[in-house]
Amino acid sequence: MSGPRVLLADDHGLLLEAFEKLLEPSCEVVGKVGDGRALLSAAAELEPDVVVLDISMPKLDGLAAGRHLRKAHPDIRLIYLTVHEDPDLAAECLRLGASGYLLKGSAASELFDAIHGAMEGKAYVTPLPTSAPEGDQRTDDESLTPRQREVVALLAGGLSMKEAARRLGVSPRTVAFHKYRVMNEHRLASNAALVQFAIRRGIVTV
């Protein structure tokens with residue numbers, strides 16, 4: 001079997017079986033585990049390219065397991081699956097270096113794209129109702145939504161995430177969600193890179 005080597009982690013056995021069958025045509029599912037501790041052991045043994053993991057797992061939750069994996073195996077891509085339509089949670093996953101945040105209800109149609117995007121260094125986030133306010137649509141000539149442009153402009157202009165949140169009337173975690181999504185999509189590794197990106201795009205001037 002060719003394709004990315006994928007390790008699945010979820011405490012629902014039926015979901016594990018369903019995801020394995022879903023991925024079989026283009027991925028090599030090297031293992032399936034049901035809790036966070038087992039995930040750490042399996043990742044060390046099986047050396048997958050991608051780990052698809054549930055956020056809510058027994059013994060060690062997905063976020064904690066992801067932190068351990070990022071330290072021990074920084075080359076492994078992490079794609080989180082959840083039932084939570086929560087931009088704050090998505091922002092936290094991206095901050096931890098995740099390559100994807102998918103809702104379980106849409107995983108059947110999005111998981112392929114998320115895995116193959118992860119292998120190319122891209123991040124995939126399921127569109128979340130609370131993260132895309134009315135009018136927050138991408139324009140044809142820009143790869144940023146209007147809200148993302150606002151966030152980037154304020155942060156590149158020197159405001160902290162808390163200050164930007166107050167200016168926009170949103171939570172700091174919502175600002176973080178947009179910031180880390182932009183940084184992941186455009187492969188920006190630092191705040192300095194974000195500022196340079198904003199200057200190149202004409203979002204801020206010097």
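**Exercise 1. State the strand order of the open sheet and find its edge strands.**

Solution. In this predicted model, the open sheet has six strands in the order β2-β1-β3-β4-β5-β6, and the pairing is parallel. Next, look for strands that pair on one side only: these are β2 (28-33) and β6 (124-125), the edge strands. As background, strands of a sheet pair through backbone hydrogen bonds, either parallel or antiparallel.

**Exercise 2. Describe how β4 is joined to β5, and which helix packs on the sheet at β4.**

Solution. Begin with the strand pair. β4 and β5 (residues 100-103) run parallel and are joined by four bridges. For Tyr-80, the bridge partner in β5 is Tyr-101. Then turn to the helix. Helix α3 (residues 62-72) packs on the sheet, where α3 touches β3 (50-54) and β4. The direction of α3 makes about 175 degrees with that of β4.

**Exercise 3. Classify the crossing of α6 and α8, and list the residues that meet.**

Solution. Take the geometry of the axes to start. Those of helix α6 (residues 146-156) and helix α8 (residues 172-185) come within 9 Å and cross at roughly 95 degrees. Angles of 65 to 115 degrees count as roughly perpendicular, so α6 is roughly perpendicular to α8. Now list the contact. From α6 come Arg-147, Gln-148, Val-151, Val-152 and Leu-155. From α8 come Val-175, His-178, Lys-179, Arg-181, Val-182 and Glu-185. Sorted by type, the residues of this contact are five nonpolar, two polar and four charged.

**Exercise 4. Describe the largest pocket and its lining.**

Solution. Start with the volume: the largest pocket holds about 270 Å³ of space. Its lining has 18 residues, of which Gly-97, Ala-98, Ser-99, Gly-121 and Asn-184 are the closest to the centre. Next, assign the lining to elements. Those that give two or more residues are β4 (77-82) and α8. The most comes from α8, with three residues. Finally, sort the lining by type: nine residues are nonpolar, four polar and five charged.

Note on methods
Residues numbered from 1 in each chain as written. Predicted model: local features only at pLDDT ≥ 70, side-chain atom pairs only at ≥ 80, totals over all residues. Heavy atoms only, no water. Axes fitted to C-alpha atoms, helices over the stretch in contact; angles between N-to-C directions. Parallel < 35°, antiparallel > 145°, perpendicular 65-115°, else oblique. Contact = heavy atoms within 4.5 Å. Nonpolar A, V, L, I, M, F, W, Y, C, P; charged D, E, K, R; others polar. 1 Å grid on protein atoms, 1.4 Å probe; cavity = no way out; pocket = protein on both sides within 12 Å on 5 of 7 lines; lining within 4 Å. Points joined across faces, edges and corners; volume = space filled by probe spheres on them. Pairing = 2+ DSSP bridges.
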